[in-house]
Structures are given as structure tokens and as C-alpha cells.
Amino acid sequence: MGAFDGRHVLVIGLGYSARAFAARVIAAGARVSGTSRSPMDGVTMVALDTLPRDITDLVVSAPPGDDDCPGLAACEAQGLRPGWIAYLSSTAVYGDCDGAWIDEDHPPGPRGADARARLVAEDGWRDFATETGAALDILRVAGIYGPGRDVRARLQSGQARAIIKPGQVFNRIHRDDIAGALIAAMAHPEGQRLINLADGAPCPASEILIGVADMMGLPRPEEVPLAEAGLPPAAAGFYAENRRLRNDRLLALPGFTLAHPTWRSAYESMLSKDN
């Protein structure tokens, strides 16, 4: 008997992290339907305008549109009534915090259109959950990395540069820890919760590039001051916000333990699987 036998999970936006969750929940006995342009083994692919009505659980990983969350609009229009909902938001909603340590009680200060849209979507899902009686987890996700989304290929190409901005850090969460958090939250629903998904070990991006290069026996990337890097606006925008995310609520989820509490443990694991 699996832990999720009899559960039917709908995943709206079956992307990188959501696929890791889907694989785990299927292995635990659940039936999974999902929306995506790319099929996945074991998942029944559905269209947003014809969602299954018999779902017990809902995970929304798709980003919001300019005006609303397409997943929310579809669920409202089709009268879905899941018992548990997880909405994957973004820690970008906090905006720039000048490098301070913050938790979920810190007031949002979104600077970009996407971050503002995430906050609107969060409120929409809160209203939906209140109206339907569903348990709701709003999970604000930090920078995602993992197999296929890591720095190894850039280092091997010789094109990587270590951008230096004193005092700047970034927050991260490994794909498998996102999946683990979703599994733990789904197994232990409890009212409405707001949880940061971050490993609690923020650090400069340059630290990872240099550290992984050393681990792989590759030349260290050139260190370039941010002011001299000539980054395009989108890339430079990442350096305009600086915060350190506490993850006490994540660590308090029943049954949850970080598989990768630091980037180093994650890369040690990924590199060992390559050998």
C-alpha cells in the first residue's frame, strides 16, 4: 500500500520541479494528471479547459499571466474542489532587503511585474481555498537548481565568469527538496500556510562557480566586478535584489528533511552520480 493510494493529483504546469514531485507521488500510489506541452510517463496529460473533476489534490506550478493566474481561472470556471492545494510562488515577492535575514512575516516589496503578479495569484488562491474549504500551502520558491540546471556545463565550456558584487548573496533550493517539501505538505495538510522554500544557506553565485570548478578539477573562472561585467538587463536585475531567507517553517514540516542543505552537498551528489 502506498502512502497516497486513492489520491488523484492534478499538476498545472508540469515543469522541471513539478516532474520530480510527480514521479515521487506516483511511486507512493497516487494517480497524476497534468498540463504540459511535453508528456511524462505515468501522467495523464490534460488541457487547461478540460481538467478532471475527481481530483483530490492540486499543485500549481505554472506562472501567472499578466492579469491573473490561468490555473486559478480554470479551476474556478470548472468548479474544481480539491482537498489540498499547493501554489508555487516566488521569493521575488520580497523584493530587495539589503541583504537582511527575513522570514515569511517580512512584508512583500515586489519590484518586477512577475513578482507583483505572483502576489496577486497568492491572494486569489487564498480566496479560492477559503471558499472551497481546501487546505492551502503557498510555497515561495528560491532559485531552483539540480540535474540539468547547474553550473557544470558552463564551467566545462570555459565561458563561465564569476561576477563579483561585495555583500551580494543568492538563495537556492534543489529540485529534489522542492519535491520533498510538496510530498510532506501533501501528507500533512493544515489550514493555510505560507512557507519559504530555500536551503537556508545563501551565498554569492561566484562561490559556487569557483567551488565547483575546484571539485571538478577545472580552471577557476575569471572573477569580474559587476560594474565591468556588461550583463544584459535581465541578468543584471538579479543583482539588484539581495536577501537572506530563513527556512524554519520548511524545516518544521512533518517528515521533511533537506536532502541538500548546501550547494556543496548537492554538487557532491551530482558529481558522484556522473562517475
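These notebook entries record what I looked up in the structure, which is a predicted model.

**Entry 1. Salt bridges overall**

I searched the whole structure for salt bridges and found 13. General background for this step: side chains of opposite charge can pair when their charged atoms come close. I then examined individual pairs.

**Entry 2. Asp105 and Arg249**

I looked up the pair formed by Asp105 and Arg249, a salt bridge in which the closest N and O atoms are 3.1 Å apart. The two residues belong to distant parts of the chain, 144 residues apart. I located Asp105 in the loop between strand 6 (101-102) and helix 3 (113-132), and Arg249 in helix 9 (residues 248-251). I also checked accessibility. Asp105 is exposed, with 61% relative accessibility. Arg249 is partly exposed at 33%.

**Entry 3. Arg140 and Glu122**

I next turned to Arg140 and Glu122, whose side chains form a salt bridge with an N to O distance of 2.8 Å. Arg140 is in strand 7 (residues 135-141) and Glu122 is in helix 3, so this salt bridge ties together parts that are 18 residues apart in sequence. Are these two residues buried or exposed? Arg140 has a relative accessibility of 3%, which means that it counts as buried, the cut-off being under 20%. Glu122 is likewise buried, with a value of 0%.

I noted further that this pair belongs to a network of salt bridges that links Glu122, Asp123, Arg126 and Arg140.

**Entry 4. Arg220 and Asp214**

I recorded a salt bridge between the side chains of Arg220 and Asp214, at 2.7 Å from N to O. Arg220 has a relative accessible area of 54% and is therefore exposed, the cut-off being over 50%. Asp214, at 41%, counts as partly exposed.

**Entry 5. Helix 2 against helix 3**

I then examined how helix 2 (residues 70-78) packs with helix 3. As general background, two packed helices are described by the angle between their axes and the distance between the axes. For this pair I read an angle of about 20° and an axis separation of 10 Å. Because angles under 35 degrees count as roughly parallel, helix 2 and helix 3 are roughly parallel to each other. The crossing of helix 2 past helix 3 is left-handed.

Which residues meet at this contact? From helix 2 I listed Gly71, Leu72, Cys75 and Glu76; from helix 3, I listed Gly124, Trp125 and Phe128. By class, the residues of this contact are four nonpolar, two polar and one charged.

**Entry 6. Gly124**

I took Gly124 of helix 3 for a separate check. Gly124 is buried, with a relative accessible area of 14%. I also looked up its C-alpha distance to Cys69, a residue 55 places away along the chain, and obtained 8.1 Å.

**Entry 7. Asn242**

Finally, I looked up Asn242, which is placed in the loop between helix 8 (233-237) and strand 13 (244-245). Is Asn242 buried or exposed? Its relative accessible area is 11%, so Asn242 is buried, the cut-off being under 20%.

I then listed the contacts of Asn242, leaving out residues up to four places away in sequence. Asn242 touches Asp96, Cys97, Asp98 and Gly99, and also Gly167, Gln168 and Val169.

Note on methods: Residues numbered from 1 in each chain as written. Predicted model: local features only at pLDDT ≥ 70, side-chain atom pairs only at ≥ 80, totals over all residues. Heavy atoms only, no water. Helix = DSSP H or I, 4+ residues; strand = E, 2+ residues; numbered from the N terminus. Buried < 20%, exposed > 50% of the residue type's maximum accessible area, 1.4 Å probe, protein only. Contact = heavy atoms within 4.5 Å. Salt bridge = Lys/Arg side-chain N within 4 Å of Asp/Glu carboxyl O. Axes fitted to C-alpha atoms, helices over the stretch in contact; angles between N-to-C directions. Parallel < 35°, antiparallel > 145°, perpendicular 65-115°, else oblique. Left-handed = near helix turned anticlockwise from the far one by under 90°. Nonpolar A, V, L, I, M, F, W, Y, C, P; charged D, E, K, R; others polar.
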